[in-house]
Each structure stands twice: as C-alpha cells, then as structure tokens.
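Let's take a quick tour of one strand, its partners, and some charged side chains. Keep the structure open while you read.

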Amino acid sequence: MAYCSVEQAREAGCTGTDGEVAAWISAATERITSYTQQLFEPTVMVVVVDVAPDGTCLLPRRVRTVSSVTPVVATDDAPLLPSSAWRVTSSDVLGHVDAVYLRWGGYDDLIAGAESYNGGWRGLWDQWGLEQARITGEFGYAEVPLLVSQACALLAADIQSKAKPSDADAAQAPGLDVDDEGNNVRIENDAETTTPVPPSASTGSTQVDALLVSYLNRGYNLIGGI
C-alpha cells in the first residue's frame with residue numbers, strides 16, 4: 001500500500017532508484033497512517049462499536065459495505081443478524097453519516113427472541129441488554145485523496161532529506177530503517193504488515209501535518225488495528 005507514486009515523490013524532491021524512492025514512500029505512508037489513523041484505500045476489517053439507546057451504531061471509519069452484524073453479549077451466543085435487522089448509511093452519500101442502525105420495529109420469527117409475540121427486534125435487544133455490536137465490512141476511501149497523495153510525496157522527500165547516510169544505504173535492502181528524531185521505522189516491502197499501527201502526534205513534518213489535519217480520525221478502537 002502506498003499513498004503516492006514514485007513519479008509524484010520525485011517531483012517533490014525525492015531522489016534515487018525506483019526501489020529507493022519506493023522505500024521512502026513506504027516510510028511516509030506508514031507515518032501518515034499512524035498520524036491520521038485513517039484508511040485511504042478500501043480495507044476489510046471488524047469494528048466493535050457502542051449501540052446508542054435508539055439503536056444507532058456510529059462507525060469509526062468511512063464505511064463502504066457491511067457484510068455482517070453480531071451483537072456483543074455476555075453469553076457469547078448471539079446470532080449473526082440478518083440484513084433485515086439493520087440498515088447502513090455512508091458518508092460517501094452527501095449528508096449521510098457512517099453508521100449502522102439496528103431496527104427497533106419489525107420482527108423475525110426465525111430468530112429466537114425476535115419473534116413477533118416476543119416484541120420483535122426491540123424485545124430481543126432489551127432481552128440482551130445490548131450495548132455493543134461487532135460489525136464486519138469494507139471501510140475506507142475508494143481511492144487515495146489528491147491532498148493525501150501530495151502530502152505523502154512531500155513527506156517522502158522530507159524523510160529522505162533528514163535521514164543519515166546509513167539510512168540511504170539501508171534503502172537498497174529489502175527493508176528500510178529510518179531514524180528521525182530517535183524514532184525507528186521498519187519497512188518491509190515483500191509482505192504487508194498485520195500488526196496495528198499505533199497513533200502518533202505528528203508525521204515529523206509540520207507542513208504535512210497541516211495538509212492532513214482534515215483527515216484526522218481519533219477516539220475509536222479497531223480489532224487488529226489499521
């Protein structure tokens with residue numbers, strides 16, 4: 001995953017072979033992800049969110065599609081809810097927010113506790129004391145926003161300009177160690193990382209931070225991180 005092209009990074013001042021420039025881009029991409037805690041490409045993941053009293057589940061990321069919704073209950077035996085039990089809205093549509101809405105009206109006689117004679121979905125939610133839901137879906141932007149691509153190119157050039165000579169040598173290896181103000185970043189080009197990306201207070205560049213401020217995403221936890 002990279003937020004800009006080699007050509008964009010070169011235009012911003014990044015130098016070296018294509019492989020070396022790609023390594024600086026990877027370092028910049030990771031820093032941007034860490035700073036924004038945002039998903040700039042479609043990503044399938046699971047989120048656990050709070051359920052409001054009216055059944056609204058506000059999602060921590062831009063949602064594209066939802067494939068499953070499961071209540072989080074103490075007994076851990078909640079069924080996978082059919083799509084008739086919830087609906088989704090996305091900020092991709094003007095005026096909408098990213099949310100899943102559990103239906104308070106209606107019923108499903110095939111779901112134990114949600115039968116019409118038991119109060120339908122509302123009766124089941126009350127029975128469970130539902131406070132959280134586990135939601136699986138595809139989150140993120142359809143494509144990397146132009147401003148993020150520009151920020152990534154600038155940051156790649158900035159990281160290279162601040163790097164020590166040993167860091168530039170490391171760019172020729174499969175991974176790149178970048179030492180910037182005491183922070184080490186390890187980039188592996190042959191496989192995607194599966195470890196969570198922790199939040200950071202800055203990308204290391206105040207100019208890039210300013211470009212990305214409108215994309216900051218804070219205050220939510222994701223299973224498996226970003």
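Two strands count as a pair if DSSP finds at least two bridges between them. By that rule β4 and β5 are a pair, antiparallel, with four bridges. Bear in mind that you're looking at a predicted model.

**Around R87**

- R87 sits in strand β4, which covers residues 86-89.
- Is R87 buried, partly exposed or exposed? With a relative accessibility of 41%, R87 is classed as partly exposed, because the buried class is under 20% and the exposed class over 50%.
- Which residue of β5 stands opposite R87? That one is Y101.
- Setting aside neighbours within four places in sequence, R87 is in contact with A99, V100, Y101 and R103.
- R87 and V66 are 21 residues apart in the chain, and their C-alpha atoms are 9.1 Å apart in space.

**Strand β5 and its other partner**

- In a regular strand, side chains alternate between the two faces of the sheet.
- You can see this in β5 (residues 99-102): A99 and Y101 point one way, V100 and L102 point the other way, and all are buried.
- β5 also runs antiparallel to β2 (residues 56-58), joined by three bridges.
- In that pairing, C57 is the residue standing opposite V100.

**Salt bridges**

- Side chains of opposite charge can pair when their charged atoms come close.
- How many salt bridges turn up in a search of the whole structure? There are six.
- One of them links the side chains of R62 and D92, at 2.9 Å from N to O. R62 is in the loop between β2 and β3, while D92 is in the loop between β4 and β5, so this pair ties together parts 30 residues apart in sequence.
- Both ends are partly exposed: R62 has 22% relative accessibility, and D92 has 40%.
- Another joins the side chains of R64 and E138, at 3.6 Å from N to O. Since R64 belongs to strand β3 and E138 to strand β6 (residues 132-139), the pair ties together parts 74 residues apart in sequence.
- Here too the partners are partly exposed, R64 at 29% and E138 at 26%.
- D126 and R122 also meet through their side chains, at 3.4 Å from N to O. They are four residues apart in helix α3 (residues 120-128), so about one helical turn separates them.
- D126 is exposed at 51%, whereas R122 is partly exposed at 40%.
- Finally, R62, R64, D92 and E138 are joined into one network by salt bridges that share partners.

Conventions. Residues are numbered from 1 along each chain as its sequence is written. This is a predicted model: local features need pLDDT of at least 70, side-chain atom pairs count only at pLDDT 80 or more; totals for chains, interfaces and linings use all residues. Side-chain values use heavy atoms; hydrogens and water are left out. Helices (H or I, at least four residues) and strands (E, at least two) are DSSP runs, numbered from the N terminus. Buried means under 20% relative accessible area, exposed over 50%, partly exposed in between (1.4 Å probe, protein chains only). Contact means heavy atoms within 4.5 Å. A salt bridge is a side-chain nitrogen of Lys or Arg within 4 Å of a carboxyl oxygen of Asp or Glu.
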